[in-house]
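Q: Please give a close account of a single part of this entry, its chain A, beginning with its charges and ending with the nonpolar core.

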Number of protein chains: 2
Amino acid sequence: MSSSLVLYGYWRSSAAYRVRIALNLKGLAWENHPVHLVKDGGQQHAADYVAMNPQQLVPSLRDGEQVLTQSLAIVEYLEETRPEPPLLPADTHGRARVRALAQLVACDIHPLGNLRVLQYLERELGVGEAHRGAWSRHWIATGFAALETMLAGDAATGRYCHGDAPGLADACLVPQVYNARRWKLPMDDYPTIRRIDAACAELEAFRVAAPEAQADAPAP
Amino acid sequence: MSSSLVLYGYWRSSAAYRVRIALNLKGLAWENHPVHLVKDGGQQHAADYVAMNPQQLVPSLRDGEQVLTQSLAIVEYLEETRPEPPLLPADTHGRARVRALAQLVACDIHPLGNLRVLQYLERELGVGEAHRGAWSRHWIATGFAALETMLAGDAATGRYCHGDAPGLADACLVPQVYNARRWKLPMDDYPTIRRIDAACAELEAFRVAAPEAQADAPAP
């Protein structure tokens, strides 16, 4: 496939970060189209973006005429259309494991710490900053405790979440660790998560996908 | 495959409900193993269940020696191991659309209305019943507004979410509509969602998967 890929994302969005990693791991050329989630009242609410993504969330990926939404669906699409290198294992049980690890992050941790959720807690429920921080840390810690057990207790775990090649689970884990650090969650209880995160950080595909490396990130 | 399938679920769990629908749509024989999420301080926290599912959430699916977790990963696994009838379309773009619709529900609506989240709002943040109801309705309404647009505005939508055969997106939509009714969300703004939900309700696979049809549901 040679059609051009355009990612509509935001430097600090965990879900966009996952897709950046996947695009880079596959060695694909892609164009970054930043959608600022706060500026202009949130550019994700602008009519031209809503027409593309009625959820008014990032990321969206344009592949020629086709627009894809939902980060995990996007990665599965990339896996089907650009299979090399694979981000999912070849065997059914391995794929089920990697998808479960990815969904643990994408369904059970990340949605609870999303910007729109924190805004609702603040604006509608009057939850102060300290309690919003505790909320965010609680859901990451709860998820990471399970993730650590699932990674540490399984021989299928290798240098990365599954074996010795990076894939979909790593593309979800690393952005969530980034968020954990942002919320100052102590990471002592998650040695396997830390080890895998460090292994990923050695790879160019992950480094250039990092929030601070994006053109739309604020100057340091 | 002839190995026995055991579903560890809870009658009212939306995620378990999805898997029940998928198992039924595929015409598979499966055994129900209820895990009561409230009784005994939550049976999902019992040691033998935690050993199987470190997240202490339902559902889990046992297939012979293999234990699968995360509802969407389970459905993908069933799709790979028992491909007929398919719950995902044959074409890549169709699969991406169905997965995105499923994840809209499974990542962006359902996790916010989960029992453990409502318990946290109540116990840790002192959020009263009325505000918890408003919270639940808010996230369902936000997700349904986008889902309605995506369904109504796309020629790929048929009698069901994608074409004229039920599949993964319907298996996610119907349990979420069940939850919406439980929270008394007015459904007037979602005619396409209501139409598809009604079409699914005519199918045996959906009817016998309904919460009230489960052995562990309280007597009416």
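A: In this predicted model, chain A carries 21 positive and 25 negative charges, and the mean positions of the two sets are 3 Å apart. Lys and Arg are the positive residues, Asp and Glu the negative ones, with His and the chain ends left out; each charge is placed at NZ, CZ, CG or CD respectively.

Nine helices and four strands form the secondary structure of chain A (DSSP runs of H or I with at least four residues, and of E with at least two). Their order from the N terminus is β-α-β-α-β-β-α-α-α-α-α-α-α. The radius of gyration of chain A is 17 Å, close to the 17 Å of the globule rule for 220 residues, so chain A is as compact as a globular protein of that length (C-alpha atoms; 2.2 Å times the residue number to the power 0.38). The C-alpha trace of chain A spans about 45 × 45 × 30 Å along its principal axes.

Of the 220 residues in chain A, 60% are buried (under 20% relative accessible area, 1.4 Å probe, protein chains only). Among contacts in chain A with a separation of 6 or more, 67% join residues 24 or more positions apart (heavy atoms within 4.5 Å).

The largest nonpolar core holds 147 residues (buried Ala, Val, Leu, Ile, Met, Phe, Trp, Tyr and Cys joined through side-chain atoms within 4.5 Å). Trp135(A), Phe144(A), Trp135(B) and Phe144(B) have the most contacts inside this core. Beyond residues up to four places away in sequence, Trp135(B) touches Trp135(A) and Tyr120(A), among others, as well as Leu112(B) and Val117(B).

Residues are numbered from 1 along each chain as its sequence is written, and chains are lettered from A and ligands numbered from 1 in written order. Local features need pLDDT of at least 70 and side-chain atom pairs pLDDT 80 or more, while totals for chains, interfaces and linings use all residues; side-chain values use heavy atoms, without hydrogens and water.

Key: Buried < 20%, exposed > 50% of the residue type's maximum accessible area, 1.4 Å probe, protein only.
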